[in-house]
Amino acid sequence: MIVIGLTGGIGSGKTSVLQLFINKGIPVYIADIEAKRLMQSDKELIKKIKTIFGNESYTKDNQLNRAYLANQVFGDNKKLEQLNAIVHPAVHRDLEAFKKQQKSKFFIYENAILFENESYKYCDYIITVTAPIETRIKRVVKRDQVTKKQVKDRMQHQWDEQLKIQKSDFVIENINWETTEKLVDKLYQKLLDLSTN
Ligand code: ATP
């Protein structure tokens, strides 16, 4: 069983590329979705969040108070790091459990900040999805109805694309969608070969 990390900057098209693998029947583990689930269900993690950020982090009926927590970490890098430092180990434990359950030759682990939070260590191979920065900004402005500045601000928390490319085993340049589909088809075959050897 090999783990294929999938990453890329905001608006590069990770989710779109991931969908192509899902269409081929490949199991996927999406870090962001699973982290949200764990913050709602993992007792140990919930306890740590309450200890660091206060009981207000959860409502009386034990629902994560997202607005409160977002407010706590917004613009406060130290607090954001503290939150990441407790959420990531929980995600990685869960990822290991997911890995054990899989019967396919490989699965995709999607994480927008795979390098930034050192999750690449859990991967056997890494794919980075790329696109020119202006294209990425335009896509996100359109998708999220936000301003260019808001997109650029979000980008500041992510590594430079070139750095990710250097550390990746495979790069999917996602500009023209038809080309992307062909690249994914080829890569899929390659990954099957790699996982059988
Ligand atoms: P984020 O990190 O913000 O979640 P992402 O890397 O997952 O972004 P997607 O959501 O897959 O990116 O793509 C961003 C937007 O660009 C989406 O609206 C998607 O439909 C569109 N898009 C993706 N690839 C292409 C493409 N090759 N041509 C045109 N539009 C594209």
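**View 1. Arg 136 meets the backbone of Ile 10.** In this predicted model, a polar atom of the Arg 136 side chain lies 2.9 Å from the backbone oxygen of Ile 10. Arg 136 has its place in helix H6, which covers residues 133-144. Is this arginine buried or exposed? Arg 136 has a relative accessible area of 7%, and because buried means under 20%, Arg 136 counts as buried. Leaving aside residues up to four places away in sequence, Arg 136 touches Gly 9, Ile 10, Gly 11 and Ser 12, along with Ala 131, Met 155, Gln 158 and Glu 161.

**View 2. Five strands make an open sheet.** Here we turn to the strands. Their order is E2-E3-E1-E4-E5, 5 strands in an open sheet with parallel pairing. At the edges are strand E2 (28-30) and strand E5 (170-173), each of which pairs on one side only. From one strand to the next, the twist averages 20 degrees.

**View 3. Strands E1 and E3 run side by side.** Strand E1 (residues 2-8) and strand E3 (residues 106-110) run parallel and are joined by 5 bridges. To find your place, look for Ile 2, which stands opposite Phe 106 in E3.

**View 4. Helices H2 and H9 pack on the sheet.** Helix H2 (residues 31-41) touches E2 and E3, and its direction makes about 65 degrees with that of E2. Helix H9 (residues 177-196) also packs on the sheet, where it touches E1, E3, strand E4 (125-130) and E5. The direction of H9 makes about 165 degrees with that of E5.

**View 5. The largest nonpolar core lies between two domains.** This core holds 27 residues, and those that touch the most other members are Tyr 29, Met 39, Leu 45, Ile 49, Leu 83 and Tyr 109. Two or more residues come from each of H2, helix H3 (43-53), helix H4 (66-73), helix H5 (77-101) and E3. Which element gives the most? That is H5, with 7 residues. Why does the core lie between domain 1 and domain 2? Both domain 1 (1-27 + 102-197) and domain 2 (32-97) give residues to this core, so it lies between them.

**View 6. Met 39 and its neighbours, and another core.** Not counting residues up to four places away in sequence, Met 39 touches Leu 45, Ile 46, Ile 49, Tyr 58, Leu 64, Leu 69, Leu 83 and Val 87. Apart from the largest core lies another one, of 18 residues, including Ile 4, Phe 170, Ile 172 and Leu 187.

How values were computed: Residues are numbered from 1 along each chain as its sequence is written. This is a predicted model: local features need pLDDT of at least 70, side-chain atom pairs count only at pLDDT 80 or more; totals for chains, interfaces and linings use all residues. Side-chain values use heavy atoms; hydrogens and water are left out. Two strands pair if DSSP finds at least two bridges between them. Helices (H or I, at least four residues) and strands (E, at least two) are DSSP runs, numbered from the N terminus. Axes are lines fitted to C-alpha atoms, for helices over the stretch in contact, and angles run from 0 to 180 degrees between N-to-C directions. Contact means heavy atoms within 4.5 Å. A nonpolar core is a set of buried Ala, Val, Leu, Ile, Met, Phe, Trp, Tyr and Cys residues joined through side-chain atoms within 4.5 Å. Buried means under 20% relative accessible area, exposed over 50%, partly exposed in between (1.4 Å probe, protein chains only). Domain bounds come from an automatic or database domain assignment. A polar contact is a pair of N or O atoms within 3.5 Å; within protein, one must be able to donate a hydrogen and the other to accept it, and residues adjacent in sequence count only if both atoms are side-chain atoms.
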